Amino acid sequence: VVMATNNPSVFLLMVNGQIEGANFPGYDNLYCKYCFVYGHDWAPTTGLEEGITQITSKSTQSSHKLIWNFPLEATFKSANPSGWPQLVVSVYGPDVFGNDVVRGYGATHVPFTPGRHTRTIPMFVPEPTWRLQKFTGWLMGRRPEYTDPKVVAHGEGREATRVRSQGFVTVSFHITTKDMKKMGYDVGSPSSANAPSATSNWSTEEQS
Amino acid sequence: MEEPEGSDEDPGERLRRTFRAQREKSKKIRDVEGISSIQQHSADDGRTEQTDESVVPSKSGKLSQKGLSSRKHPSATSQHLDDSVTRRLEAKLREAISKVEEEQKDAPLEPASRLQSLRDRDAAIRFDREVDADRVERQDVPADLSTRVKFREAARKVIKVHPNAEEAYTFFTHNFEPDPLDESEKMSRKKKKTQRTSEEEGDGEDGEEEVKEGDHDIESESEQAPLVQNEDEDLFVLDQLPEDVLVVKKAEYVGYKQRVARESELLFTPSSQPVPTSCKLPENMKPRYLEDEGLYVGERPPVSWTNERIMENRLLQMAEGMKWFGDDGRTLALPNPIKESSTRPPLQHIEGDLDPALQTVFRKLVMSKNANLYVTGAADPEGDYQLDVDVSGLIFSHHPLFSREHVLGARLAQLYDQYLSRQHNNLTEHLTDKLRGLRRALQNMLEIHGERDLTPPMQQRISEYSLEVRNTRQLRDNEQEKDRTLLKQLVKVWKEVKTLRELQRFTNTPYKLFLRRENVDRAADEQEHEGEILTEIVELQAESEEDYQRKLAEYKKQLEQWKLWRRKQKAKRKKRKKKKKGQSHDDTDEDEEEQEMSESESPTEEGPSKPEAPERPDFRSTEEWVREKASRIRRKPGEAILIPDLTASGNITATALCPRTEVARREDVSKRSLFIKILYNDKEVSRTDSRALNADFRVHFGQIFNLKIVNCPQSINLQVFEQIGLSSSLLAQVFVPVPQPTVVTGNAPLEEFEFSSNQRVMFDHEGVGSDVPLSFDADGSNKVTLLTSGKVSCCVSWGNGEDGAPLAPPVSQHLVRKHGGLGHLDAVTYLGASGLYDMKKIAEWAKQSRLDPNDPKNASIMQLLKVASSGEVTTPEYFRLEHLQEEFNFVTDEEIEKNKRFRLLRLREQGVPEFRNYKFVPAHENGISNEVFKDYEKRLKEEQIIDAKEYLDTHRALVAKNLQKIRESVIHRFLHAKRNYHVSDLVVEEEIPSIRFLGIELFKWAQPRRPLKPQRKERKKVTAQNLSDGDIKLLVNIIRAYEVPVRRPQSNKAAQSSQAAIQGSDWYLSQAQLRPFVEVSFQRTVLQTSSAEGPNPCWNEELQLPFRAPNGDYSTANLQAVKDEVFINIFDEVVHKSGESDKDRGQSFHASVEKHWLGSVKIPFSTIYSQSKIDGTFKVNTPAVLLGYNSERRHAPSGAYDILLSQSEGTFLTLFITIEPQLVPGESLRDKIKEVKFDSMQFDSQEDEGLLQASDRFESEATQNFPDRPCITTVVDLSGKTVFITRYIQALNPPPELLEVSTQEPAALIARYVSLIPFLPDRVSYTGACGLWSTCDQFLSFLAGDEEEHAVLLCNYFLSMGKKAWLIIGTAIPEGPTAYVLTLEQSRYLIWNPSSGQSYSQYDTFCPLQTIGCLVNASNVWFNVQQYTSPTRISFDTTKAKLWKQFFSRAFCHPGLSSVQPETLMYRRGDKAAAAELQDRIEKILKEKIMEWRPRRPTRWNRYCTTTLKHFLPKLEQSRGADVTEGHRHQLQSQLGDNKISGFPLNLPFSGIQPIIEAVYSTGVHHIQAPSAEFALAVYVHPYPNNVLSVWVYLASLIRS
C-alpha cells in the first residue's frame, strides 16, 4: 500500500541467479538442495524458497565440474537489513553402496550490492565423533548429518561439531534492490563487474 | 585445438597438422558443392573467409601465449620449445615468402576483382595508405585488425627470442622498399579464388598465409629470397616434412690430440706442485722471516696448500707476478701494518669534472620524530634480536658447607688474589719511579737556576713540584704500607691454616703457600735505603723549614697587627689617665701599669691576643719519625724480598681418614648440586643443567643460551639455585646489566658478578654454616660472621646472525631507552594503561617528559592537564572498561526506550515470549501501533501487582511474587546452560553399535524368519526444530477401563413399575446401565471415543490430536516449556428418551443424549514429551461421591490389610500416549545443569570437595551400569548451591492440629495434608529439570513445590512420627522421574505418593511407581543394583550390599552431615474466616463461569439442592469421601423428590482460581442441554494449618422427570 509513496516502508531484494555447479573431487552423481534462511524481518514475496536440483554426473572430459545450472529466483521484502537472506546449499549423492549421503553443506549471504556476483561456497560435512563411528557409518551408509541444514547459516552451537571441508559449489547471483537507499541503507555502488568474494578469492585455484 | 604444452609432440608439427585438417575440411566442402558459378564462389569465398577469420585469432592467441610463456619461463625446456617453434616458423616463412613473390609476379597482370568484399576493400585502402610507412613501427592499427596485430606482436616476440643478432640488425636497419606486399598478396588471393577452376592447392595456403601474414610483414625483407633456393611448387605443399628441407650432415669431429694441441695454445693449467722459493724471490735474495726477527706477524688466513700452490704457480706466470710475494717467499696474505697511506686508490678525477647529476650532496641528518616512540622490535618484523647469555661458572667465596679450613683457604686465596692484582698494577713501583723523577726534575731546576735569583714563575713551579713530591711520597708510603701488611696478613693466614691443619689432623684444601726468598745485595740495598731515608729527611726538613718560615711570616704579621692594636689601646688609656690625673693624684705609675695590664687582659676588652712565635722544627725527631716509618712499611735493608706463591697442589686427606663430622660434611657437599635460572624481564626463559657442587666449591656450567627477544630488555637476572635431592632453594640472584648494542658475542669478555645470600644455615658437622659467628682463636674471640657469597662468571651479549650481523637493536634507540627516555616519551609505558586515568600521574609524567606544548600531537594532553591542574576535573572513582562506549551509542538510552521500534527490537532480542517470534518489525516507528505492547505491558503489570482476584489472599500473592523472582533467577542461572550445545543437538549420526548389538545383528541373520511375529521397530526420531504447525500429532490410544462406576437404577416410580421386568435380569441390566466413553481434550481440541458398554469397557481406539506449539516455536526449549495438559475424561452417555413412542413403533422419538462425568486423568504434555511415550494403567480421579452411580466394589477380603487394600480400589484406565512423529526429547536441562554445576562446583558448594567427587563418581557409575535408574546424590538448593541429598532428610514435626484428630489414621491425614500443598503450576518446565530443592520451611512458606519437595516433607513427617521412612528416587507414571516415600509398617512396606496422598502396598499392581532408582534417608543413599526395578519385584532390605549399593560405606564414612532443614516447623492455624471468604468468592466466580459457558440457555440454580450439598461437603472433607455416599444420596433423594440428580464433588488443593475453573469446565456439566435442567453448586474450603486449603466443589444437575 505504501510502496507507491515516496516513503516506502519496505525495501525489496530480488535474487536471480543459478546454482551453476560444483567441484567435488572424488564424488559423482550429486544433487543439491538449497534454501534461503533469513531473519525475522524478512518475508519472501515471490519465488521458491527452497528447491532441489537434478542429479548430475561429471563429464567425461577433463573438466571435473558437476554442472547443475539450477535457476534461483526469489524476491524478499524487508524493513530491516538485519537477518539478510543467506543461501544454504547442501549437496547429496550416493556412496559406494548406493546410499544417499550428504557430501557438503555450505552457506553464503545473498550479495548486498546490485549487480552480478559469483560466489564459490566452500562446502563441509560433519565428521563422526568417533573413529569407529566413521567406519560403521561408512559400512551402513549413514554419515553424520546436520539435523537441520540451516544450522550452517547460524553460528550458534557450531562449536560442538567437527567438520571436514569437501568441495565447492559455485553460485551466481543477479541482485536487484528497490528502495534500499530511500530507506537509508546505502550498500555502496552497484558492482557491475564480477566482484569476487573473499571466499572465491582463495578458492579459484581449486576451480581451475 | 589442443594445448601444445600438453604433449611431447613438436608444437610446430601440431600446428601444421591442424592447418592440414582445416584445409582438408574446406576441400571437402568444395567437393560437395562443386564449382558451377561465380555466385557460389563468392558465397563460398565468404565462408572460407569466415573460417579463416575464426581460425586466425585463436591460433594467434595460441601463438602469442606461446611467446609470452616462453618469455616468462626461460627454462631449458621452454627454450628448446621456443627454438623449435622459431625454426618451424622460419621454414614457413620461407615458404610463404617464395609463394608471395611468385604471386607478385602475377599481380600486375590481374585487375582487382569486382567481387571484392567491402571488408577487403577496406583493407586494401588501408594498405595503400600505409604502404609508405615504416611497417614495423606503425602504431595506428585499425581496431578490426587488432587480432592480427596481436599476432604480429607475437611473432615479433618470437623473433626477439630468437637470438640472431645479425637478423635483428638487418631487420631494424634495412631500408624497406615500398612494397605493397600484403595488398598484392590479398588481391592475388582474391583473384585466384574467383578464377579458380582446378587450382585447389592454393586454397590450402590461404589459411596458412593468413596465419603467416604477420611474420611475413616483418620478415619478408630481412629473410632474403635466396633463403628459398628452389621456387618449386612442391615447396608449398604442406605435406612436405622438414626432412625435405634440411640437409643431414655428418657431425664435425676433431681428434683428441689435435684438440689438446689446439687448446694448449690458449689454455694454461696451473700445477699444484710446490714452487721453489728461489723462483718467488728476486734473484740472489734470501728469504727473510719476520717472525725470527721478533716482529709481529699476523695469522694468515687458512688456505689449503694445494690452492696456495696453484695460486703461486698462476702468479708466477703473470707478468708482474713477483710483486705478490713477500720477503719470506710466500704470497702476501696479510695487510701491511705499517703502511701509512690508504690502500684505496685515489679518485682519478677532480670533483669538478663530475657530472652534476652524480655530485654528492651533503644533507644534514634529520632525526625521525617517531622513531623513538616504539618499543624496539616489538612489532618490527625485522627486529630479530638475540641475546646470548653465557653462563660459564660459579665460584663460592663462602658457602655454608665450608669447613674452617675452607674459610681460611678462601681468605688466603682472596688475599693472594689481592696480592697478585697489586703486583700486577705495581703501584708502589710506579709511584717510586714517579717520585724519583720528580725529585730529579726539582733538583735539575734548582741546579740550573739555583744560584741566580729565581723568577716568580720559576718559584711557582718549584713549589708546585715540591708539593707534588710530597703528595707522591705520601701515596707511595701508603701503597708500601699496604703491600707490607698484605704480605704480613698472607703469611699470618697461611700460618693459621697450617696450625689448623695440624690441629684437625687432616687437610681439606689444596692450598700451599710458598714464600720465595730473593736475596739482595746487602750493601747496595742498605745504601739505597739510607739514601732514600736521607732524601726524605732532607725533604721533610725543607718542608718543615718552609712551613716554619711561612708560619713565622704569618706570626710576624699578626704580631704587627697586635702591636698596632696595642698602641691604639695605649693611646686611649693615656687619654683616660689624663682625665684621672685631674681627679686623684695618689695613683702611681706602677698601678697604672698594673691597671693597664689588667685592662688589656680583661675579657671585656676585645682585641687579637698576642700571637705566639712558631716553634722551630725539630730535625732530630723528624729523622726518627722517618726511620720508624721506613722500618714499618718497608723491608729492612738487606733483608730478602719475600715473594709469596700460592699453589693448589697440596693433597687433600682422603675421606676415609677424616673424622666423622668431616665425612658428614663432605657427604653433604656431594649431595648438593647447583643450577642457574635465567630470567629475562622477570620471566624464566631458560635454566642451566644441574651440576654437582665440587669439593672446591666451584661449579662449571659452560652453557650459552640464545634468547630471541621481542620485548625491550629490562632486566636479565640469573638466579642461583641449590638443589638437594629434589628440592631446590633459591640461593642468590645476580642481576646482569643489559649489554650495550655494541657488545656482540665474540668480543664480549666474561665478567664476574658477585652475589651473596643472607640465609642463615647451620650444620652439626664440620660445615661452618652461613650467618653464624665463627672464631678461629682458641679463646673464641674475634668472631666473624660469614655469609654465603660467590661469583658468577657470565657474559651477556648480543647475538650474531647467520651472516655475522649483530642481532642487536639500533644504537640510537637503545641509547634512548638507556636514559629512560622511552618511558618518558610514551605515557603508556611510563604509567601503565590504568595510569591514564590518573590525572595526577599524567601531569607528573608530562612534567617529567617535558612535553612540547606546541606539538599538535600533545594538544589533547595539554588541554587535559590545563583542566586538571585547575582542579575542576577529579579522578573518576569508578573504573570504566570501555571508556569510549558512549562514542558508539548512536542514540541515547532514553531515546531507545522511547522509540517503539527500538523497544520492539530489543524485546525481541531479549527473547521476551510475546516478541520472540515477532516477524517483520517495520522500518519506521510510525508503523508500530501501541497495540503491539498491550499484551506485554498487561502481563508486566500482572506480574508486578499479583492479581488479588486470582490469588484471593495476600499471603499467596506474596509467595507468588517470591516465586516469580526465584524463577527469574533460575532462568538466568541456566540461560547459559541452555546455550551449551552438544553434537547430538546439531548432528544426526549413528550410534556406535556395541559388541552385543553387533552380535545380535549377526545372530539375526541366522534366525529363522517369522513373519507372523512382527518385531517392534524403533521409530525414527525427529528433532523438533524443523517442524511446523500441524506436523506433530498427539496419539492417544484408549485401550480399556476397569471398574467404572455403574449407573444406579433409578429408584423412582417408573423404575419400580418396571421392576418386575428387570428382576430376572437384574445383574445384567445393571451392567448394561452404563455406556462409558472417553473424551480427550488437549489444547481446546476435544475428541471422543465411541461409547462402550459396561463397567469394564474396552475401546481400543486411537485418537489423534493436533499439537501446536505456542508462538509457533518448535525448538526443544520451547517444547519443554509447554504447559498444556491432556485431559482424559470418562463420561457416561445417558440417552433420555422423550416422547412416548412405545405404542406406535416406527414413530420418531426424541432422544437427548447427556454425558455424565465419571472421572478424569490429567497428563501434562511435558511428561509425554520427555517420556516420548506413556503406556500404562492409571487410576482415574473419580469424585468421592458420584450421584446416581455405584462404584462396583470388589469382594473385599476381610483381614488386617483391608484398609490398605482399599486404597487401590477405584477406576483404572489403560492408555497409550505418544507423539507422532517421535520427537527427540530435548536433553533434559538437568544434565546440562549438571555440567554447569560441575564446572562451577568448586565455588558453588559448601560441601566437601571429596564428597562432591565421590557423589559424582557414584552417580556416573550408577548411570553407566543402570542407565534407566535415576540416581541423585546431590541437589541444588534455592540459592544455587550444591547440597548433598541426605541433608534434606530430618524428622520434622507435622502440624499439631492434624495429630490431635485421633479419629483417623494420622499417617493418611498427614499424607493428605502434604498432597494438599499445591504443585507449582508455573514451574512445569522446571520440575525435576533443574532439581531445585527447597527446604521444608521454604516449601511451606511458598506453598508450592514439585514432587521431591512433597516427598521430602512427607518423609520428614513420617520420621517424626516414629516410622521408618525413606525417600524413593524413581520414575512413575505419569510423572516421569519423581520422588516417593517408602515406609515400613509392621514388616510391610508402603509406598506413598506424596502428590496424591495415597499409599500403595509393595505388591500393588496399580502402583504408579515403576522404577526405583535409589533410597535416601538421613544417613545414607542406597542405589538399587538388583535385577529388577519394579517395586513388586525387589527387596527393600537395604542392609544387603548385593542388592543395594551404599554411598557411605565403611570405606567412605558418613562425615556427619548436618541437616539443612530447620529444627522445627512453625505452623499457623488454619484461618477459618479467610477460608469462608474465599469459599464465597469461588462460588460466585464459578457460578458466573458456568452461566458464561451456557450462553444460549438460562442457567437455573436450585438453591435448595445447593444448601443440601453444602452441608455434605464438610463431612466429605472429614472422611475424605469414604463411606458417606449412601446416606448422602438418600438424603438428597428425599429432599429433592422426583428430580433425577447427577452430580459429584471435586476436591482440589487450592493454588489459584484458574485450576478450579478448568477442572469444572472439564467435567462438562454445563453441557447439559435439557431445558428443565437445574444446577446446584456448592463450594467448601477447608483450612489446614499454614494456609493449606482444601477446596471442594460440589456440582450437580437436576432434571425434573
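Modeller: Before we start, one bit of vocabulary: Ala, Val, Leu, Ile, Met, Phe, Trp, Tyr, Cys and Pro count as nonpolar, Asp, Glu, Lys and Arg count as charged, and the others, Gly among them, count as polar. Also keep in mind that this is a predicted model.

Colleague: Good, let's use those classes straight away. By class, what residues make up the lining of the largest cavity?

Modeller: The lining has 9 nonpolar, 6 polar and 1 charged residues. The space in that cavity comes to about 120 Å³. Closest to the centre, out of 16 lining residues, are B:His1156, B:Trp1157, B:Ser1542, B:Gly1543 and B:Phe1544.

Colleague: Which elements give two or more residues to that lining?

Modeller: They belong to chain B: β21 (1150-1164), β36 (1540-1549) and β38 (1588-1599).

Colleague: And how many cavities of 30 Å³ or more does the search find in the whole structure?

Modeller: The search finds 17.

Colleague: You mentioned β36 and β38. How do I read a sheet?

Modeller: The general idea is that strands of a sheet pair through backbone hydrogen bonds, either parallel or antiparallel. Here, chain B has an open sheet of 4 strands with mixed pairing, in the order β35-β37-β38-β36. Its edge strands, β35 (1500-1501) and β36, each pair on one side only.

Colleague: In which sense do β37 and β38 of chain B run, and how many bridges join them?

Modeller: They run antiparallel, and 11 bridges join β37 (residues 1574-1584) to β38(B). To find your place on screen, look for B:Ala1576, which faces B:Ala1596 across that pairing.

Colleague: Let me pick a residue in β38 of chain B, say B:Ser1597. Is B:Ser1597 buried or exposed?

Modeller: The cut-off for buried is under 20% relative accessible area. B:Ser1597 has 2%, so it is buried. Beyond its neighbours within four places in sequence, B:Ser1597 touches B:Lys1540, B:Ile1541, B:Ser1542, B:Ile1568, B:Glu1574 and B:Phe1575.

Colleague: What about chain A? How many of the residues of strand β1 in chain A are buried?

Modeller: 10 of its 13 residues (the strand spans 11-23) are buried, so β1 is largely enclosed by the rest of the structure. One partner of β1(A) is β5 (residues 66-78) of chain A, antiparallel over 11 bridges. Another is β10 (residues 163-178) of chain A, again antiparallel and over 11 bridges. As landmarks, A:Gln18 sits opposite A:Pro71 in β5(A), and A:Leu12 sits opposite A:Lys178 in β10(A).

Colleague: I've heard that a strand has two faces. What's the idea there?

Modeller: In a regular strand the side chains alternate between the two faces of the sheet. Try strand β25 (residues 1274-1277) of chain B: B:Thr1274 and B:Val1276 are on one side, B:Val1275 and B:Asp1277 on the other, and all of them are buried, which leaves both faces covered. β25(B) pairs in the antiparallel sense with β26 (residues 1282-1284) of chain B over 3 bridges. Within that pair, B:Val1276 stands across from B:Thr1282.

Colleague: Now the inside of the protein. How should I think about a nonpolar core?

Modeller: In soluble globular proteins, nonpolar side chains tend to be buried together. In this model the largest nonpolar core has 73 residues, and those with the most contacts inside it are B:Leu1034, B:Ile1038, B:Ile1128, B:Leu1213 and B:Ile1482. Helix α45 (residues 1472-1493) of chain B gives the most to it, with 7 residues. Apart from that core lies another, of 52 residues, including B:Ile1289 and B:Val1416.

Colleague: Leaving aside neighbours within four places in sequence, which residues is B:Leu1034 in contact with?

Modeller: Among them are B:Phe1082, B:Leu1103, B:Val1126, B:Phe1165 and B:Ile1219.

Colleague: What share of the residues of chain B count as buried?

Modeller: 41% of its 1601 residues. Chain B has 48 helices and 38 strands. Of its contacts with a separation of 6 or more, 73% are between residues 24 or more positions apart.

Colleague: Let's end on a helix. What does B:Glu539 touch, apart from neighbours within four places in sequence?

Modeller: B:Glu539 is in contact with B:Arg439, B:Val469 and B:Arg473. You'll find B:Glu539 in helix α16 (residues 522-583) of chain B. Its relative accessibility is 14%, so B:Glu539 counts as buried. B:Leu552 lies in helix α16 too, and B:Leu552 is buried at 15%. Across 63 residues of chain, the C-alpha atoms of B:Leu552 and B:Glu615 are 8.8 Å apart.

Notes: Residues numbered from 1 in each chain as written. Chains lettered and ligands numbered in written order. Predicted model: local features only at pLDDT ≥ 70, side-chain atom pairs only at ≥ 80, totals over all residues. Heavy atoms only, no water. 1 Å grid on protein atoms, 1.4 Å probe; cavity = no way out; pocket = protein on both sides within 12 Å on 5 of 7 lines; lining within 4 Å. Points joined across faces, edges and corners; volume = space filled by probe spheres on them. Core = buried A, V, L, I, M, F, W, Y, C linked by side-chain atoms within 4.5 Å. Buried < 20%, exposed > 50% of the residue type's maximum accessible area, 1.4 Å probe, protein only. Contact = heavy atoms within 4.5 Å. Pairing = 2+ DSSP bridges.
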